[in-house]
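Hi there,

Here is the structure I promised to pass on to you. Have a look at it first, and then read my notes below.

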Amino acid sequence: MSNYIPVIGLEIHAELLTKSKVFCTCSAEFGGSQNTRCCPVCTGMPGTLPVINQTAVQYAVKAGFALGCHINKFSVFDRKNYFYPDLPKAYQISQLQRPLCLEGLVEIETSAGKKDIRINRIHLEEDAGKLIHDDFNAVSLADYNRCGIPLIEIVTEPDISSAEEAKAFVEKISLLLQYAGVCDCKMEQGSLRCDVNISIMRPEDKELGTRAEIKNLNSLKSITRAINYEIKRQSRLLDAGKRVVQETRCFNDNKGETSSMRSKENAHDYRYFPEPDILQVNFTDEMLDEIKAMLPELPHKRLKRYIKKYGLSKTDAQIIVNQKRISDFYDEAVAAYYQPKSIANFIIVELLRRVNLGEVSMESLPFSAQEFATLVKMADTEQVSKNDAKKILRTMIETGKDAKTIASEARMLIQNDTAKAKSIIAEVLEKNSEAVAQYQNGEKKVFGFLMGLCTKKLRGVCTPAVIKGLLKKKLSETKLTATSEKNMNEHHKTEEVAYACTAYANPNAYCPNSKDGILQIGSENLVSEFEFSDATDHINETITICACVHKIRQMSEFAFIILRTGRYIIQSIYYSDQCKDSINGLREGNYICVSGVVQQNEKAVGGVELQLKSLQVISNSNEEYPLKVSNKKLGCSLDINLDNRSVSLRNIYQRAIFRIQEGVVSGFREFMLQEGFTEIHTPKIVAQGAEGGANIFHLEYFDKPAFLNQSPQFYKQTAVAFFDRVFEIAPVYRAEKHATSRHINEYIGLDFEMGYIDSMYDIMAMETAMLKHLMTYLKTNYTYEIDLLHAEIPEITEIPCVTLLEAKEILGSKGSKNKLDLEPEDEVAICTYAKQTFDSDFIFVTYFPSSKPPFYAMNSREDPRLAYKFDLLFRGLEITSGGQRIHDYQEQLDKMHAQGLNPEDFKYYLEAHKYGLPPHGGLGIGLERLVMKLLGLSNIRQASMFPRDINRLLP
């Protein structure tokens with residue numbers, strides 16, 4: 001592809017935050033029931049006359065000042081004539097010849113440095129209405145609530161040279177308009193939209209190339225992707241000797257491509273003429289000065305103030321300034337408690353973290369900046385600990401209570417009563433004399449254990465720093481017992497010999513045979529993995545185990561060493577006079593090889609323990625674990641668990657989750673193979689999404705747009721033609737911007753597809769049989785993990801089934817208002833009904849609207865408004881989506897057209913239909929969701945070994 005220079009200009013449409021519309025008194029607030037905020041004026045009824053909204057004019061001028069524009073003292077309105085169903089007047093009142101604002105300048109900053117972008121004009125106009133497509137009834141309805149809302153259009157000069165610059169410019173405009181107080185810039189609600197005009201030219205060209213306009217881009221991501229695609233499209237055309245046509249194009253977010261809508265209109269196509277019903281707008285210098293004085297402090301000035309006056313770093317100051325609500329909140333908090341750096345740190349590290357996780361938004365904070373400042377002050381002045389301050393913030397978000405009330409109720413307020421603290425610390429040390437002895441013998445890691453006990457007892461009495469100091473002092477004062485002295489002497493001996501463990505050596509290590517001078521690798525000497533029966537079947541016999549040191553409990557005469565294998569833990573006991581090797585220097589996390597005699601011990605795990613005869617260290621742990629992996633519960637937040645996954649999964653309870661997950665996969669595969677299904681493996685990089693919509697990850701694939709597959713659907717259906725029935729266990733990807741306990745962006749799909757079915761009930765029956773087999777398989781092969789996790793494995797005989805309509809009737813007034821699907825609270829309620837009525841943990845819900853994706857679902861022959869689709873719910877959560885697919889070629893074409901899809905985009909998928917398919921159907925199960933509900937986990941991330949969500953790409 002040749003080297004071209006992109007030339008880009010933007011047209012940004014921003015709805016103004018007036019209370020009423022631009023030419024009438026109807027409410028301009030977003031939302032509301034359809035057609036309840038309109039009148040004869042904004043719907044264009046004959047005989048009505050528009051009256052200009054003075055506040056809208058003032059806001060447009062404020063925007064002009066914020067963007068460095070010259071303000072026209074004399075401005076007029078024009079009629080822009082065109083017909084569209086959501087424009088009832090068949091014309092739009094806008095401005096052409098004499099707009100309100102001209103010749104602005106906005107500075108942006110990108111990786112290439114700073115750059116000025118010129119503003120050609122800002123004019124005031126009215127917004128159009130909105131078309132609402134009723135998919136269930138296959139009709140489109142017009143909602144005129146938005147019709148007549150004041151809108152400014154910001155038109156740039158063609159000064160933008162890349163998608164990065166365009167994104168930076170839109171972000172800067174959004175920020176300036178929010179600071180000016182004229183627009184909320186919520187792109188997801190349509191209050192800020194963008195049209196992109198783009199052409200390319202060679203470096204030696206003197207004239208601009210032919211431009212294309214891409215309409216109605218409503219996200220920064222779409223703007224970036226649309227520009228990058230269009231640059232490549234136009235480059236390919238010119239490289240091929242073709243010409244670029246001036247036209248209006250739309251961007252398909254699902255495909256990542258632009259497509260032609262119509263030839264580009266020019267001004268004469270709209271037949272502009274002066275608006276006869278509205279007088280010209282005249283300003284005096286005094287009026288303009290008054291409007292300019294209304295402007296608040298703009299972001300660049302606020303940034304300088306934060307850096308110079310408050311001493312914030314540029315990075316921290318930029319984070320706060322980049323969102324006006326956050327910046328205003330920060331200023332109010334600083335005004336209440338003048339510690340700018342403390343306030344900034346708590347906002348950036350704690351509050352914004354909660355916002356980014358989707359727990360709260362800045363718009364819906366249930367507490368004031370002053371209450372937030374009180375919390376920061378309490379942490380700074382050690383009225384509460386830093387960790388407790390984080391907990392208090394979360395409770396403030398959840399309950400709306402103030403910090404002092406929460407701290408008081410939770411006994412978090414610290415009094416620093418040192419006398420009481422000394423007494424309690426003495427009690428703790430007296431009850432834990434063994435740990436005290438270990439500490440004084442040099443095992444400093446037990447200090448954390450003692451500190452934890454003291455902190456728990458002294459909550460609200462002293463700060464952690466004070467507790468730590470008192471504890472250290474008390475430990476240094478405590479006299480050693482005779483046993484302690486003995487241990488200390490042994491410790492000194494250990495110091496003299498330093499590390500005294502025996503290094504691993506295996507005289508029976510496998511050595512391949514040689515034949516004609518060439519090594520020959522055989523299969524007779526495989527390294528085996530420990531099974532518990534290796535111990536229980538050899539009572540009073542010597543066995544050898546390779547394992548990890550899970551926990552060491554040093555007693556006065558002996559030591560318990562808990563060993564962790566790949567699946568089990570087994571207790572071993574060490575006596576220095578019975579084991580030929582020393583354990584001096586042995587620590588948790590070392591990998592060792594031990595030999596010992598198996599003895600019965602009812603108190604030990606599994607009823608046996610190993611009395612050690614030898615112990616060799618295979619591999620050392622260089623550092624102590626950051627988590628208490630030997631505890632039943634890790635005692636940390638989920639985020640810390642996931643951040644330290646290489647350590648947290650050494651915890652036997654965490655690890656058992658994924659053993660159960662393995663069992664689910666193995667049981668699923670065993671059943672599928674028994675039923676004659678063929679396992680397939682399909683591509684995950686694809687040319688189009690199987691499910692449609694915007695929840696798809698986009699890739700650059702050798703200069704072509706590509707996607708991460710949302711589902712193996714197309715390949716499953718194709719494979720039915722030659723295998724009859726297939727299944728796959730593989731990752732699938734959904735770009736859903738959810739931060740909930742039930743969503744992740746990469747998960748494992750258990751998919752199958754089968755031919756020669758009579759109805760979707762054949763699929764549902766197959767899933768029921770599979771689940772019955774699966775539960776039996778888990779009980780047979782994973783008893784250890786089930787007992788360890790106290791998992792309740794459901795008994796399945798039959799699974800109840802209701803239609804979506806029946807489910808809505810069962811829920812009645814308690815259900816959601818969504819007629820086309822079940823909301824999360826509906827899923828919980830209908831599962832409660834299934835449990836109470838049928839004693840079933842599962843329930844099928846069938847017959848969803850046919851107008852909704854996916855396009856491959858077969859419409860009901862009884863009622864074409866419905867499709868042969870079903871969901872399976874398990875303990876309050878949808879785990880399966882499936883149904884009967886369309887197998888007839890023409891029927892598939894018709895449904896694609898009905899859903900606005902171009903069959904040419906699915907050429908290869910349709911070949912399977914063209915050459916014939918048996919009646920078929922299938923489903924997809926979310927493995928993590930199934931495991932989550934099977935084990936009663938509270939968050940789906942707990943059921944994913946290395947989860948991927950909107951906030952997590954590591955580890």
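Let me begin with contacts: among those in the protein chain with a separation of 6 or more, 68% are between residues 24 or more positions apart. Please keep in mind that this is a predicted model.

Now for the overall picture. The protein chain contains 28 helices and 35 strands. Its C-alpha trace spans about 105 × 75 × 70 Å along the principal axes. Of the 955 residues in the protein chain, 49% are buried. The accessible surface of the chain adds up to about 46600 Å², and carbon and sulfur atoms provide 50% of that area.

I also looked at the charges. The protein chain has 116 positive and 125 negative charges, and the mean positions of these two groups lie 5 Å apart.

Next, a residue you can pick out yourself: Pro464. Where does Pro464 lie? You will find Pro464 in helix 15, which covers residues 464-477. Is Pro464 buried, partly exposed or exposed? The relative accessible area of Pro464 is 35%. Buried means under 20% and exposed means over 50%, so Pro464, at 35%, counts as partly exposed.

What does Pro464 touch, once residues up to four places away in sequence are set aside? Its contacts are then Ser385 and Met451. Ser259 makes a good second landmark: Ser259 is 205 residues from Pro464 along the chain, and the C-alpha atoms of these two residues are separated by 63 Å.

Enjoy exploring, and write back with any questions!

Best wishes

Methods
Residues numbered from 1 in each chain as written. Predicted model: local features only at pLDDT ≥ 70, side-chain atom pairs only at ≥ 80, totals over all residues. Heavy atoms only, no water. Helix = DSSP H or I, 4+ residues; strand = E, 2+ residues; numbered from the N terminus. Buried < 20%, exposed > 50% of the residue type's maximum accessible area, 1.4 Å probe, protein only. Contact = heavy atoms within 4.5 Å. Areas by Shrake-Rupley, 256 points an atom, 1.4 Å probe, with all protein chains shown as cover. Lys, Arg positive; Asp, Glu negative; His and termini not counted. Charge placed at Lys NZ, Arg CZ, Asp CG, Glu CD.
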